[in-house]
Structure formats: structure tokens, C-alpha cells
Amino acid sequence: MIATNTNKVLLKDGSNIVVIGGGPSGSFFSYFALKYAEKRGLEINIDIIEAKNFNCLGPAGCNNCGGIVSESLIQMLSAEGIILPSEVIRKGIETYTLHLEQDRAVIEAPIDEQRIASMFRGLGPSGCAPNGLKSFDDHLLELCISKGANVILDRVVELERKKDGILVKTKSNIKKEYDLVVGAVGLNQEAFRLFHKICPAFVHPKTTRTHICEIKMDSGLINEYFGNSMHVFLLNLPNIEFGALIPKANYVTLVLLGKDIDKKIAGKFLNSDPVKKCFPPKFDLESNISCRCYPHINIKGSKSAYDNRVVLIGDSSTSKLYKNGIGAAYITAKSVAHTAIFQGISKENFKKYFQPVCNNLEFDNSIGKFIFMVTSIIQKSAVLKSSMLQVVIDEQQNERHRRKMSSILWDTFTGSAPYKDIFWRFLNPRILFTLIWNTMLAIQRSIKNKI
């Protein structure tokens, strides 16, 4: 069900598309493909094959994510007709609390309307009471169904290229040939092996292991000790680039990002004084952990994530370094949907229209790596951390539009802005001068304390 026009392979009325993976990238692609097809007057059929049921508790419905959506992404989704209902959002985050070994500082949103939302990718940890709340991923799938997509709860076990399409076989022995296969499989290594058969030039992303756990806590205590603030930690601990405690109804989600984080490293973080001070006295963190996992995250994008009639999106292709994977899923999925509907589904089409989008994300990630390298230097220096903290504390007394350093840290933590934008803002002479001045004062204080 395809049409050939010069070097293009085009979808036509009745074309069949399969999306393997029903997470955000798969749902975003399906939503936009159906939206664009309607705009073009094209009738297409989309099957979304997903092995997990996101409408259930515990690991079976979990998609291994910290569960933060920035206000900038919420606004972009709203403009596209994707509205996040109140049942999906577990808590609105209005401030960040930055923790260092020396002290802490509260960072307000740069503008009144700029907030972030915490949610669960599944229905929630084992044993929690959903009470009418919904899963973020399940909500997106429901939107796709309302647009006309067909969701199949199954697992793909084989992909085989045919003359006029790609044959997909599932665990329950469903066999169907499709004109286009879209891989939204996250970082699933078994799925990557299947895609190599039909996309031989594909080089999967480079990954590292991180840590996520859910800490059960009374909602009243969460409001008392965490409020509507996400707690961010820049501590001098091995392998950890970034740590955060995210309040969500009657759970606090711990997210540790860095390099090959294991249980021992996570334990050092949980037992550090700045972390323990966030909880009630004598609160037993370990015994209140409902579930924990060590998922892999994308730290370097894939190569050649496409071929004729096949393309991979989201984490399977490229993401945003340490932050905003849902935002990268939105960007890559929308780009591929537009390419498939309006330009074509050949390897050349994806290379011309989709690859530049991946290149832009990877270029921004290269700047992000430099930013995190600088951050790691600051983490190891008590003087530099003291200087940065003092700048933030002083800025919080100013009007919002004058809080330059606070704004940079807010966007770094939330992923609300590209790393390139954050980098250029950091080079502002006023910020550099303020940091240097406060560093000199911190060195003076350090010398006095030693005398």
C-alpha cells in the first residue's frame, strides 16, 4: 500500500503502520501521524504494539522514569491538543531546593507561570492507592485510541523484510505485513537485535546505568518536609552527577543520574547528611522503599536509526542528556510523523528530514556534557559550591527577572531550555563577575577559618 514517486516511497490511502512500543515516543508519533494524515486527507491504519499495561501498579506498569514534565513542554503539548488532566499530575512543583554539603537554598520559578509537574509513568508503585489517578503513559495511549489507533497488548518477537513491506510477528502468533515500522522501544537490547535484521546500519545508543526508587511516606509528612519543592543535590559523591527527591502524593521518588550507579553508590547518597535532613528524624529510608530499579539511560545517540520503511525514535535514537527524555521523545516523534506523512518513508527521506533533528539534539548534548563537566568540578570544590550557593541566596532577594544564576540552574535541573541556551547565558559578564567575586570572598573566609 505504498506509492513510488521518483526517489520517494510514499504512504497512500490504506497504508498500514506499526509502532512497536507504547511509551511517550510511540504515542506522540501515532498522535501526530494521524493528525497530519487527516490534514492531508490520507487514510492510514496504525497499530501500537506494547507489552506492558500502563494502567496497573508496580513494575508491570512502570516505564522506569523519574516522572517530571516541565512547564515549557506542557505548554507545547497543550498547543498540540495534548492536555494533561489533573488525574495524571501527582503534584505541582513550584520551587527547587538546592542542597550542598554546606547549606541549602530555595530557587523559585523564574516566572510565576513556570511550574513543573510530577507524575508516574505507570499507575504507581506496588501497594499504593491510585484513588482515581491515571498513568501518564496510559493517558497518551488513550489519546491515540481516540484519534483512531489500535493498541495491541503483545510482544514483537520477529521482524522480517519482505519485497513490499515488513512482516511483524508477535508472541501470541499475530503475523501482519506493514508499510512502515516505527521503533519506540526505549533502550531494550532484545528489541535492538530485532531491528538490526531490517536496519543493518543501525548502531544503538550508548548507555549508562542510573537509579530510581519510590519511598513511601505519609502525604501530610510530605507536605511538611517537602512541600511543593523538588529537592536537588550537588554532593561530592562518586559517580553521581545529579540527585533529586521528587514529591508525589504519598511517595517521594529518588532519581540518581550519573555513571554506572549501583546499590552501594545509592546507599552513600541516601545516608548523606543533606539527604537525611530532608526526612523526619529517625525516618527509616531503606524500610520505606517500595520499589527500586537501575534503568539504563541514553548518553550518546544512535547512528543510522532508519532504513527504507523503518525508523527508530525517542531513546532508541537520541535523547536529551540526563534530562527531559519525554521532551526528546516529543521532538523526534513529531519529526518522523511529519516526514512519513508529507515527505515519504524511504531511507533518503529520513536522512534528509529526520537526521538533522537528531544532529541538533546531539550537538546540544555535547554542550550539556561540558556543562556537567563544569558541574562536577564545582561538586568537588567546597569553595566553588559555597560561592554558587551565596549567589543563589542573594539572587532570591531580587526581582525574578534579575535572578540570572537561579534561572540557569532552574533550566538545567528541569531541562526546560536547550543546553546551548544555558551555556550562553552562563557566559553573561555580570554572572561571571558575581561568581568570581563570591569565590574570592569564599576563599577569604576559608583562610580566616584556618587561622
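Colleague: I'm new to this one, so let's start small. Thr-210 lies in a loop between which two strands?

Modeller: Bear in mind that this is a predicted model. Thr-210 lies in a loop, and the strands on either side of that loop are E15 (206–209) and E16 (211–216).

Colleague: Is Thr-210 buried or exposed?

Modeller: Away from its own stretch of sequence, Thr-210 touches Leu-256, Leu-257, Ile-261, Cys-293, Tyr-294, Pro-295 and Ile-297. Anything under 20% relative accessible area counts as buried. Thr-210 has a relative accessible area of 2%, so the word for Thr-210 is buried.

Colleague: Moving on to the loop between strand E17 (229–233) and strand E18 (240–248), how does Asn-239 count there: buried, partly exposed or exposed?

Modeller: Asn-239 has a positive phi of about 75 degrees although it is not a glycine. The cut-offs are under 20% for buried and over 50% for exposed. Asn-239 comes in at 36% relative accessibility, so it counts as partly exposed.

Colleague: And what is the phi of Asp-260?

Modeller: Asp-260 is found in the loop between strand E19 (251–258) and helix H6 (263–270). Its relative accessible area is 39%, which means that it is partly exposed. Asp-260 is not a glycine, yet its phi is positive, at about 45 degrees.

Colleague: Let's zoom out. What radius of gyration does the protein have?

Modeller: The protein holds 14 helices and 23 strands. For 451 residues the globule rule gives 22 Å, and the protein is close to that, so it is as compact as a globular protein of that length; its radius of gyration is 23 Å.

Colleague: What percentage of the contacts with a separation of 6 or more comes from residues 24 or more positions apart?

Modeller: For the overall picture, the C-alpha atoms fill a box of roughly 80 × 50 × 40 Å along the principal axes. Buried residues make up 55% of the 451 residues. Among contacts with a separation of 6 or more, the share from residues 24 or more positions apart is 73%.

Colleague: Any holes inside? Which two helices each give two or more residues to the lining of the largest cavity?

Modeller: A search of the whole structure finds 2 cavities of 30 Å³ or more, and the largest has a volume of about 40 Å³. Its lining is made of Ser-27, Phe-28, Tyr-31, Ile-82, Leu-140, Leu-143 and Cys-144. The elements giving two or more of these residues are helix H1 (24–40) and helix H3 (136–147).

Colleague: How many charged residues line the second largest cavity?

Modeller: That cavity has a volume of about 30 Å³, and strand E8 (104–108) and helix H12 (404–414) each supply at least two residues of its lining. The lining residues are Ile-107, Glu-108, Pro-110, Arg-400, Arg-403, Ser-406 and Ser-407. Split by type, 2 are nonpolar and 2 are polar, and the number that are charged is 3.

Colleague: Ser-406 is in that list. What is its relative accessibility?

Modeller: Ser-406 is found in helix H12. Leaving aside neighbours within four places in sequence, Ser-406 is in contact with Ile-107, Val-392, Glu-395 and Gln-396. Ser-406 counts as buried because its relative accessibility is 2%.

Colleague: Val-392 and Glu-395 sit in H11, I think. How far does H11 reach from its first C-alpha to its last?

Modeller: Helix H11 spans residues 382–395, which makes 14 residues. Its buried residues are Lys-385, Ser-387, Met-388, Leu-389, Val-391, Val-392 and Glu-395. At 1.5 Å a residue the expected span is 20 Å, and H11 comes close to that, reaching 20 Å.

Colleague: Last one, about the second largest pocket. Which helix supplies the largest share of its lining?

Modeller: About 400 Å³ of space lies in this pocket, and of its 20 lining residues, Lys-320, Ile-331, Leu-361, Asp-364 and Pro-418 lie nearest the centre. By type, the lining divides into 10 nonpolar, 7 polar and 3 charged. Helix H2 (71–79), helix H8 (325–343) and helix H10 (355–379) each supply at least two lining residues. The largest share, 6 residues, comes from H10.

Technical notes: Residues numbered from 1 in each chain as written. Predicted model: local features only at pLDDT ≥ 70, side-chain atom pairs only at ≥ 80, totals over all residues. Heavy atoms only, no water. Helix = DSSP H or I, 4+ residues; strand = E, 2+ residues; numbered from the N terminus. Expected span 1.5 Å × (residues − 1). Buried < 20%, exposed > 50% of the residue type's maximum accessible area, 1.4 Å probe, protein only. 1 Å grid on protein atoms, 1.4 Å probe; cavity = no way out; pocket = protein on both sides within 12 Å on 5 of 7 lines; lining within 4 Å. Points joined across faces, edges and corners; volume = space filled by probe spheres on them. Nonpolar A, V, L, I, M, F, W, Y, C, P; charged D, E, K, R; others polar. Contact = heavy atoms within 4.5 Å. Rg over C-alpha atoms; globule rule 2.2 N^0.38 Å.
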